[in-house]
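Reader: I have a structure open and would like to learn how to read it one feature at a time. Where should I start?

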Amino acid sequence: MRPFYENFPFFCIFLTMLCGIITTLIHDGKKARYVTIISLFLCAAMNATVFIMTAVKGVNFTYTMGAFPAPWGNELRSGPIEALLATVFCLVINFSLMGGKKDLELDVLPEKKNMYYIMMDLLAASLFALCYTNDMFTGYVFIEINTIAACSIVMAKDCGQTIVATIRYLIMSLVGSGVYLLGISILYSITGHLLMPNLFTAVNDIIFDPQLRYPLAVVAGMICIGLTVKSALFPFHTWLPSAHGSATSSSSAVLSGAVLKGYIILLIKIVCRVFTPRDISYLGAGYILFILGAAAMIYGSIWAVRETHAKRMIAYSSVAQIGYIYLGLGLCTTAGIAAAVFQIIAHAFTKPLLFVSAGGLIDASGHQKKLYYLRGAGWRCPSAGIGFTVGGLSMVGLPLLAGFVTKLVLGQAALAEGIPQWQMITALAAIGISSLLNAWYYLPAILQIWKTEDEPLGPNGEVYSEGRYTPSRPFKVAVACMCLLVLILGCAARPLMNILIQGVGLL
Amino acid sequence: MHLSEILATLAANRFATASAILFVVGMAGMIFNRNLFKKVVAMGFMDSAVFLFLTSVGFVEGRLAPIVTDPSVPASAEVYSNPLPAGLVLTGIVVSVSFTAFSLALTMRLYKKYHSLDIDEIMMKSQRNED
């Protein structure tokens, strides 16, 4: 008898999809909201159970859907990392929905509110599937579902600007998934498999065949490029600032906290389970990811420094943070990949915290989005101000916060034995310069929102007095939870890193 | 390698060649075309290229479709071509149809708002609205 918790990954995917279907029948936006949030908390509990069981026992398992073995049936597979990330996604989506409640009420038409939650359910289902799938083509199908759902939540705030952002996002995404699909088609024509374990044995047999080196390099390159376009790695990030900067706060938070990461997890799984990290480095794809990651860290930060629009500044900072993940992945070592996974988790909590808090600050300042008009907003809405401060300081890399640990473990991974010297120097330089630039734009922004001297004035001279704005209770809960998680990740990183390193071995 | 050899290789891999050309045409169209409607058509090109490639991978000259008409004859894998790519292509077509519908709906919305299909013009207008 297999343990019962092995059913949970499937239950999570099924439950969220079912909630999506039920939500179509509920026309009341408020009830739809409760259904989504409760189902996601349930999923978080189930995923956390899977994580704890697999991490304690140090095992992974394969789940055959309907007891049909592959290639007839479909397979899910989970170890500690997949389950942990699925848990993180549930929490992130829930906190974002809770924190962005006020904005959602303003931005989404009341009769369309239930549609928004359908898309959230679908998004969650596709993220779980991307975490758990054991099949390349299932991965492709859920990438597309994820894209449609993500595009819909961007355009939920129905104004011209968001539709333009959506169409740019859609076009870039389609190019990305087209390249990914072509990559797996070529891989299929070389090996005749789509299931990851079968592909692993097949690729292992032919990897050092000199005749097949270039075809395999093309495949690895196409899969990597396809997924990096979708996760907005520099230079494919052009769609991100407009999409994340113009959408409603919840959508921006979910997009940068969860959606971008879904593709990266699929990529990590492919790197570890179809190829090996060493193969990826041998085929050259690892170096490309590494260089683009380092470039993104600096380029994203430079653009964030130049930005005056609060949400777009945070969006450009996402470009830089995605660079950190790829820098770790591009090192192609266990420590590097574990650092990348840690950065996924750290960023998944920090960025929604920033977006949600920025949404609160913007609300408290008469919906002015320019940083200049957010002067003193922290005093008008202290919970949002504290959230923004904690998030910003974590991004800068203040010790005891999650962002610091990321920089630390990435630096340690880069200094490990066996890493070429140029990679070591590039990685450390990129981390240093990027941290400096982060401080350059986050610290002034934080000082700006706590400013007291002059009277905070709007563009037409209107005065926003203190205490006029009261945030909703879910907002406070979400900000408090995310602050706490950022702090816990920063303080108790060592045990988590041990689990992650063990988990990368189990991928 | 002589030109004749190159041509012979290309002819032998004619499906792969055709799909590579289609894919590049589609991708270039999607990135460089300014007209949104043409971008959507280019997306169709790109998807068709992948479907052509996948179908040709599954097709083996001289083999039958994997349908057993006479149950008394034991089925042999040698007689039939691989049905999996065809299944993948079907899934892919469904995905691409839904994406085409979605992007056309978005394009219509933008046209109603800005009375243009030119992406640069639309972006300019939307940015002007923001300021």
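Author: Start with the contact between chains A and B, bearing in mind that this is a predicted model. Chain A brings 20 residues to that contact and chain B brings 31 residues.

Reader: Which elements give two or more residues to the side of chain A that touches chain B?

Author: They are α6 (136–154) and α7 of chain A. The most comes from α7(A), with 16 residues.

Reader: How does that side of chain A divide by class?

Author: It has 13 nonpolar, six polar and one charged residues. As general background, the size of an interface is often given as the accessible area lost when the parts come together. Here the description rests on residue counts.

Reader: Show me one residue of α7(A). Is A:I167 buried or exposed?

Author: A:I167, which is found in helix α7 of chain A, counts as buried because it has 27 C-beta neighbours inside 10 Å; the cut-off for that label is 20 or more. Leaving out residues up to four places away in sequence, A:I167 touches B:L36, B:L106 and B:L110. Along the chain, A:I167 and A:G359 are 192 residues apart, and their C-alpha atoms are separated by 23 Å.

Reader: And what does the contact look like from chain B? Where is B:M46 found?

Author: B:M46 is found in helix α3 (residues 36–58) of chain B. B:M46 also counts as buried, with 27 C-beta neighbours inside 10 Å. Setting aside neighbours within four places in sequence, B:M46 is in contact with A:G178 as well as with B:F23, B:G26, B:M27 and B:M30. One of these, B:M27, is 19 residues from B:M46 in sequence and 6.3 Å from it in space, C-alpha to C-alpha.

Reader: What confidence scores go with chain B and with the model?

Author: Chain B has a mean pLDDT of 83, and 96% of its residues reach 70 or more. The model scores ipTM 0.85 and pTM 0.91.

Reader: Now helix packing. What describes two packed helices?

Author: The general idea is that they are described by the angle between their axes and the distance between the axes. In chain A, helix α7 (residues 160–191) packs with helix α9 (residues 213–230) at an angle of about 155°, and their axes are 8 Å apart. That angle makes α7(A) roughly antiparallel to α9(A), since the label applies over 145 degrees. The crossing of α7(A) past α9(A) is left-handed. Of the residues in this contact, 17 are nonpolar, five polar and one charged.

Reader: Let me try another pair. At what angle do α14 and α15 of chain A cross?

Author: Helix α14 (residues 310–330) and helix α15 (residues 334–364) of chain A cross at roughly 175°, and their axes come within 8 Å. They are therefore roughly antiparallel to each other. Among the contact residues are A:I314, A:Y324 and A:L329 of α14(A), and A:I337, A:H347 and A:F355 of α15(A). By class, the residues of this contact are 13 nonpolar, six polar and two charged.

Reader: What should I look for in the backbone of the loops?

Author: Exceptions to the usual pattern: most residues other than glycine have a negative phi, and most peptide bonds are trans. A:C332, in the loop between α14 and α15 of chain A, has a positive phi near 60° and is not a glycine. A:C332 is buried, with 25 other C-beta atoms within 10 Å.

Reader: What is the phi of A:L400, and where is that residue?

Author: A:L400 has a positive phi of about 80°, although it is not a glycine. Its place is in the loop between α17 (382–396) and α18 (402–415) of chain A. A:L400 is partly exposed, with 13 other C-beta atoms within 10 Å.

Reader: Which peptide bond is cis?

Author: The bond from A:F234 to A:P235 is cis, with omega near 0°. A:P235 lies in the loop between α9 and α10 (240–246) of chain A.

Reader: One last residue. Where is A:L18, and how exposed is it?

Author: A:L18 is in helix α1 (residues 8–25) of chain A. A:L18 is partly exposed, with 15 other C-beta atoms within 10 Å. In sequence A:L18 and A:A125 are 107 residues apart, while in space they are 9.5 Å apart, C-alpha to C-alpha.

Key
Residues are numbered from 1 along each chain as its sequence is written. Chains are lettered from A and ligands numbered from 1 in the order in which they are written. This is a predicted model: local features need pLDDT of at least 70, side-chain atom pairs count only at pLDDT 80 or more; totals for chains, interfaces and linings use all residues. Axes are lines fitted to C-alpha atoms, for helices over the stretch in contact, and angles run from 0 to 180 degrees between N-to-C directions. Helices (H or I, at least four residues) and strands (E, at least two) are DSSP runs, numbered from the N terminus. Angles under 35 degrees count as roughly parallel, over 145 as roughly antiparallel, 65 to 115 as roughly perpendicular and the rest as oblique. A crossing is left-handed if the near helix is turned anticlockwise from the far one by less than a right angle, and right-handed if clockwise. Ala, Val, Leu, Ile, Met, Phe, Trp, Tyr, Cys and Pro count as nonpolar, Asp, Glu, Lys and Arg as charged, and the others, Gly among them, as polar. Two residues are in contact if their C-beta atoms, placed from the backbone, lie within 7 Å. pLDDT is the predictor's confidence in each residue, from 0 to 100. A residue is buried if 20 or more other C-beta atoms lie within 10 Å of its own, exposed if 12 or fewer, and partly exposed in between; C-beta atoms are placed from the backbone.
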